[in-house]
Amino acid sequence: MKTEKEKMLAGQVYNPGQDEELMAELAACKAKCLRYNKLTAGAEKKELLKEILGQTSENCHIEPNFWCDYGWNIKVGDNFYANHNLTVLDAGGVTFGNNVFIGPDCGFYTSGHPLDAERRNTGLEYAYPITVGNNVWIGGGVRVVPGVSIGDNSVIGAGSVVVKDIPANSVAAGNPCRVIRKITEDDATSDLNWKK
């Protein structure tokens, strides 16, 4: 019989409140995030971030406040920057590629709950992975829901709610987020206005 943690990692419905290991890992990660958010820039902060995240590079910077559930289920590529107030609910796993830039007040939520109130009220949830490709820029206030992938070289406009996969080389925005246009060679010499 699978533990609740094993169910979580398999993408099955699980109850985190019924798994002592998950509850202990959650509490430990929250304590590390609290400590991280209180530190000023420096070697101690960089080392603590490496301790929190499952995989990271030397060139990774996250402004406070930063919160995540477990941390070990977050993989971050090289040259990663996240502005203030990043929240990552990483039960399903979140992978960020290389050269990812995230604006302030963004959230990546792998966890969800049953639509049926009776089942939801028992504490059941599910967790599906989120993947963000290489060279992605995510504007401020963006929310990404369970199971979504954002393709390489894409730009997500501020305030978007990403509920479906976004293909590579796209400018996408809105609620729900949708592709507005493709990124083309002309963008290498344009005036930086993504609305054109």
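**Exercise 1. Val136**

Task: In this predicted model, locate Val136 between its two neighbouring strands, decide whether Val136 is buried or exposed, and list what Val136 touches beyond its neighbours in sequence.

Solution.
Step 1. Val136 lies in the loop that runs between strand S11 (130-132) and strand S12 (137-138).
Step 2. The relative accessibility of Val136 is 1%. Buried means under 20%, so Val136 counts as buried.
Step 3. Leaving aside residues up to four places away in sequence, Val136 touches Asn99, Val100, Phe101, Ile150, Gly151, Asp152, Asn153 and Ser154.
Step 4. A separation in sequence can be set beside one in space: Val136 and Asn98 are 38 residues apart in sequence, and their C-alpha atoms are 8.3 Å apart.

**Exercise 2. The open sheet**

Task: State the order of the strands in the four-stranded open sheet, and identify which strands form its edges.

Solution.
Step 1. The order is S3-S6-S11-S14, and the pairing is parallel.
Step 2. An edge strand pairs on one side only; this applies to strand S3 (74-76) and strand S14 (149-150).
Step 3. Consider one pair in detail: S3 and strand S6 (residues 94-96) are joined in the parallel sense by three bridges. Val76 has Phe96, in S6, as its bridge partner.

**Exercise 3. Helix H2**

Task: Compare the span of helix H2 with the expected value, then determine where its buried residues lie around the axis.

Solution.
Step 1. H2 (residues 20-38) contains 19 residues. From first C-alpha to last, H2 reaches 28 Å, close to the 27 Å expected at 1.5 Å a residue.
Step 2. The buried residues of H2 are Leu22, Cys29, Cys33, Tyr36 and Asn37. Viewed down the axis, they fall within an arc of 90 degrees, so they line one face of the helix.
Step 3. On the other side of H2, Glu20 and Lys38 are exposed.
Step 4. The buried residues pack against helix H1 (4-9), helix H3 (43-52), strand S1 (60-62) and strand S2 (66-68).
Step 5. At the start of H2, the backbone nitrogen of Glu21 has a side-chain oxygen of Asp19 within 3.0 Å.

**Exercise 4. Helix H3**

Task: Name the buried residues of H3, and explain why they are assigned to the same side of the helix.

Solution.
Step 1. Lys45, Leu48, Leu49 and Ile52 are buried in H3.
Step 2. These residues cover an arc of only 105 degrees around the axis, and therefore they are on the same side of H3.
Step 3. Among the elements that cover them are H2, S1 and S2.

Methods: Residues numbered from 1 in each chain as written. Predicted model: local features only at pLDDT ≥ 70, side-chain atom pairs only at ≥ 80, totals over all residues. Heavy atoms only, no water. Expected span 1.5 Å × (residues − 1). Buried < 20%, exposed > 50% of the residue type's maximum accessible area, 1.4 Å probe, protein only. Arc of directions from axis to C-beta. Contact = heavy atoms within 4.5 Å. Polar contact = N/O pair within 3.5 Å; in protein donor to acceptor, adjacent residues only side chain to side chain. Pairing = 2+ DSSP bridges.
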